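Okay, everyone, thanks for coming. Have a look at this one on the screen while I talk you through one corner of it.

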Amino acid sequence: MSGFGVWVRKESFEIRRTWRLWVLPLLVITMAILSPVLAWVTPDLVRSFASDEPGVVIELPDPVSADALRQWAQSLTQIILIAIVITTSGIVSSELRSGTATMLLTKPLSRSSFVLAKALVQSLFVGLLAILGAAIAGVVTRVIFGELSWRNLVELTAVWLGLALFMIAVMTMFSTLLASATAAAGIGIAFYFVLTLGSLWRPVRDFSPSGLLSAVDALAVGNSQQVIVPAISAVVLSTLALGTAVIRLNQMSLRGSGASS
C-alpha cells in the first residue's frame with residue numbers, strides 16, 4: 001500500500017490541529033469524573049425529591065463501587081459512542097469535498113492506504129482515550145467508595161473498545177459512501193440504535209456485535225457474558241466495512257469535489 005506512512009502522519013497531524021483533539025478527550029474526561037459522582041449522589045437526590053411528596057417513601061440501597069462502574073459503562077455505550085459516530089461521520093467525505101486529499105490521491109499514493117490509515121489513526125486515538133478515561137474513572141471511584149474491582153473496569157473498557165473500533169470501521173464506510181457528513185452521522189446514529197435493539201434480543205445479541213454492547217453493562221457489575229462470537233463478528237464486519245470503503249474510493253473519480261461521483 002503505497003504511501004501508508006504518509007497518510008498516517010497526515011491524519012495524526014489533522015487530529016492535532018482540528019477540534020477533534022479537544023472534543024472527544026474533554027467529553028471522555030468529563031464523563032469519567034462525573035460517572036462515579038452521579039452514582040454516589042443519585043440515591044440522595046431521589047430521596048430528597050421523594051420527601052417533597054407526602055406519603056411517598058422510597059427505600060434505596062446505599063451506592064457501591066459497582067454502581068459507579070455501571071454509570072461509567074452507560075456513559076461509554078451511550079454518550080461517548082454517539083460522539084464517536086458524529087466526530088467520524090466526515091472522516092473521508094470532508095477531505096474529498098474540501099479537496100485537501102484530492103491532490104495527493106491523484107499522485108501515486110494508494111487510495112487503500114488513505115482509508116486504512118484514517119481508520120487506524122482514529123482507532124489509536126480512541127484507544128488512548130479509553131485507557132485515559134478508565135484510569136480516571138477508576139481513581140475517582142476508588143476515592144469516593146474506597147473500593148474498586150479493577151478487573152471489571154478493565155474488562156468492560158476492553159469490550160467497549162472493541163465495539164468502538166467496529167463503529168469507526170462502519171463510519172469510515174458510511175463516510176466514503178455518502179458525500180454528506182450529516183447524512184453519514186444520521187445513518188450512523190440509526191445504526192447505533194439498531195445495535196441497541198439487537199442487544200435486547202438474544203439470537204441477535206449472541207451472534208452479532210450487539211452482544212458487545214450488552215456485555216459492557218454486564219461486566220460492570222461482574223456478570224459474565226459470552227463475547228467471543230460477537231467479537232469475531234465485529235472483526236469480520238469491520239473488515240467488510242473497510243473493504244467496501246476501499247472499493248468505493250477506488251471507483252470514484254476525484255476530478256470533482258465530493259464523494260457523490
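So, what covers the buried residues of helix 10? The cover includes helix 3 (65-87), helix 7 (150-177), helix 8 (181-198), helix 9 and helix 11 (228-251). Keep in mind that this is a predicted model.

And helix 10 really is mostly covered, with 10 of its 11 residues buried. The buried ones include Leu-212, Leu-213, Val-216 and Leu-219, and there are small residues in that list too, among them Gly-211, Ser-214 and Ala-215. Just past the end of helix 10 you come to Gly-222, and its phi is positive, about 85 degrees.

Now step back to the other side of helix 10. Asp-206 sits in the loop that links helix 9 (202-205) to helix 10 (210-220). Is Asp-206 buried or exposed? Its relative accessible area is 18%, and the cut-off for buried is under 20%, so Asp-206 counts as buried. And what does it touch, if we skip neighbours within four places in sequence? Asp-206 is in contact with Gln-226, Val-229 and Pro-230.

Val-229 turns up again on the outside. Together with Phe-207, Ile-228, Ile-232, Val-236, Leu-237 and Leu-240, Val-229 forms a nonpolar patch on the surface. The patch has about 670 Å² of accessible area altogether.

Last stop, Leu-240, which is part of helix 11. Why do we call Leu-240 exposed? Because its relative accessibility is 52%, and exposed means over 50%.

That's my tour, so over to you.

Technical notes. Residues are numbered from 1 along each chain as its sequence is written. This is a predicted model: local features need pLDDT of at least 70, side-chain atom pairs count only at pLDDT 80 or more; totals for chains, interfaces and linings use all residues. Side-chain values use heavy atoms; hydrogens and water are left out. Helices (H or I, at least four residues) and strands (E, at least two) are DSSP runs, numbered from the N terminus. Buried means under 20% relative accessible area, exposed over 50%, partly exposed in between (1.4 Å probe, protein chains only). Contact means heavy atoms within 4.5 Å. Patches are made of residues with over 30% relative accessible area and no salt bridge: like charges are joined within 9 Å, nonpolar side chains (Val, Leu, Ile, Met, Phe, Trp, Tyr) within 5 Å. Accessible areas come from the Shrake-Rupley method with a 1.4 Å probe; for residues, only the protein chains shown count as cover. A salt bridge is a side-chain nitrogen of Lys or Arg within 4 Å of a carboxyl oxygen of Asp or Glu.
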